[in-house]
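This report walks through one protein model for a reader who has not met it before. Please keep the sequence and the structure in view while reading.

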Amino acid sequence: MNAMITDTIEYIGVDDTDIDLFEGQYEVPDGMAYNSYLIKDEKITIMDTVDSSKSDEWIDKLKKALGGKTPEYAVISHVEPDHSGSLADLLANYPDITLVGNAKTFPMLAQFVDIKDAKTMVVAEGEELDLGNHKLKFVMAPMVHWPEVMVTYDSLDKVLFSADAFGKFGTIDAKDDEGWSCEARRYYFNIVGKYGAPVQTLLKKAKALDIAVICPLHGPVLSENLEYYIGLYDTWSSYKPENKGVLIACASIHGNTMKAVKELEQMLKDAGEERVVVSDLARDDMAEVIEDAFRHDRMILAASSYDGGVFPVMQTFINKLAAKAYQNRTVALIENGSWAPSALRTMKGMLEGFKNITVIEDSVTIKSTLNDESKSAMKKLCDKVIEAGK
Ligand code: FEO
């Protein structure tokens with residue numbers, strides 16, 4: 001990626017390929033980018049810092065971009081440590097810099113960084129900061145992804161500094177075969193997914209702005225085909241399925257439930273279902289399965305019974321779906337049990353608290369392995385799932 005986003009806005013973010021888990025839980029096989037930008041104007045302004053693990057590299061980049069000049073402002077879009085982690089080093093190098101945030105920014109920031117002696121400027125919704133040629137307008141975006149988040153619009157270059165919104169997993173130039181949306185979707189649903197309504201509010205505010213470039217805090221700068229990215233964010237944040245298709249999430253102890261799931265997958269395909277995704281909850285990246293649950297309009301949960309309940313990975317999966325406000329979908333259920341099947345009852349109970357979920361009444365009980373009776377029940381369930389997709 002070209003470091004110069006416009007004539008006067010430079011990318012000074014860093015890639016992290018040493019990271020094992022992002023936010024302590026998400027696999028990032030392609031690493032992670034912590035984005036930061038420098039606006040070169042009469043009043044030089046830094047848009048966010050980076051994770052503390054990359055502080056030295058970032059300070060070097062910043063100094064090189066400054067070419068001996070001194071920055072006036074550092075805008076804090078988001079306090080989370082992957083973005084505020086280098087503020088202490090910034091203040092050590094430039095103690096006279098003014099930190100720009102909103103009323104919620106500084107009390108929270110003070111919990112992470114010693115800002116007792118720092119100069120601060122509190123801005124509110126719609127307020128502008130004149131840098132000389134650039135005029136920054138601040139737009140509050142609470143809960144996208146923390147309460148203090150704000151985005152910033154630069155009317156000179158029509159750039160939206162969008163904080164976590166429009167971010168993705170992976171380093172800045174990471175090439176994934178499916179393009180931007182694959183890792184952006186996994187990032188969105190796992191990190192911001194619960195906050196669909198606040199994202200909708202932000203999208204409405206963004207509509208009023210003439211945006212040519214989106215500069216997020218993770219992933220590539222977006223400067224073409226912005227309707228595509230904004231359209232996907234609209235779909236995702238309104239909890240609408242992106243694709244017609246079926247996710248089968250399977251929790252199998254000895255492989256017999258998975259064997260049944262493979263048969264069901266074939267049944268669905270034979271019945272004309274074009275997209276069927278099978279996930280092994282014990283082995284696949286669960287963040288990816290969460291993404292697939294939101295992506296499709298229907299989901300089948302197939303699980304072994306365990307300790308009078310359901311096999312633990314399925315319990316974890318349903319809990320995660322609940323935490324991310326999974327809704328507006330049709331769900332079908334399959335249980336397996338050798339003496340007293342209990343998975344169905346448990347899964348049904350867990351789904352009761354979900355908003356606008358239709359559970360298909362014809363569920364399937366497998367006694368250890370598929371037999372004629374359970375196979376015919378599974379065919380019936382397959383037909384119902386196909387019907388629900390029409
Ligand atoms: Fe990239 Fe919510 O931090």
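## E178 and its surroundings

In this predicted model, E178 lies in the loop that runs between β14 (159-161) and α5 (180-192). Is E178 buried or exposed? With a relative accessible area of 54%, E178 is exposed, because exposed here means over 50%.

On the surface, E178 takes part in a patch of negative charge, where it gathers with D177, D284 and E288.

## The helix α5

The helix α5, which borders the loop of E178, is mostly covered, since 13 of its 13 residues are buried. Its length can be checked as well: at 1.5 Å a residue, the 13 residues of α5 should span 18 Å, and the C-alpha atoms at its ends are 17 Å apart, so the two values agree.

## S86 and D51

Another loop, between α2 (81-84) and α3 (87-93), holds S86. The relative accessibility of S86 is 0%, and S86 therefore counts as buried, the cut-off being under 20%.

Although S86 and D51 are 35 residues apart in sequence, their C-alpha atoms are 6.1 Å apart in space.

## The protein as a whole

How many helices and strands does the protein have? There are 12 helices and 22 strands, and the C-alpha atoms fill a box of roughly 75 × 35 × 35 Å when taken along the principal axes. Of the 390 residues of the protein, 56% count as buried, and S86 is one of the buried residues.

Methods:
Residues are numbered from 1 along each chain as its sequence is written. This is a predicted model: local features need pLDDT of at least 70, side-chain atom pairs count only at pLDDT 80 or more; totals for chains, interfaces and linings use all residues. Side-chain values use heavy atoms; hydrogens and water are left out. Patches are made of residues with over 30% relative accessible area and no salt bridge: like charges are joined within 9 Å, nonpolar side chains (Val, Leu, Ile, Met, Phe, Trp, Tyr) within 5 Å. Accessible areas come from the Shrake-Rupley method with a 1.4 Å probe; for residues, only the protein chains shown count as cover. A salt bridge is a side-chain nitrogen of Lys or Arg within 4 Å of a carboxyl oxygen of Asp or Glu. Lys and Arg count as positive and Asp and Glu as negative; His and the chain ends are not counted. The place of a charge is taken as NZ of Lys, CZ of Arg, CG of Asp or CD of Glu. Helices (H or I, at least four residues) and strands (E, at least two) are DSSP runs, numbered from the N terminus. Buried means under 20% relative accessible area, exposed over 50%, partly exposed in between (1.4 Å probe, protein chains only). The expected span of a helix is 1.5 Å times one less than its number of residues.
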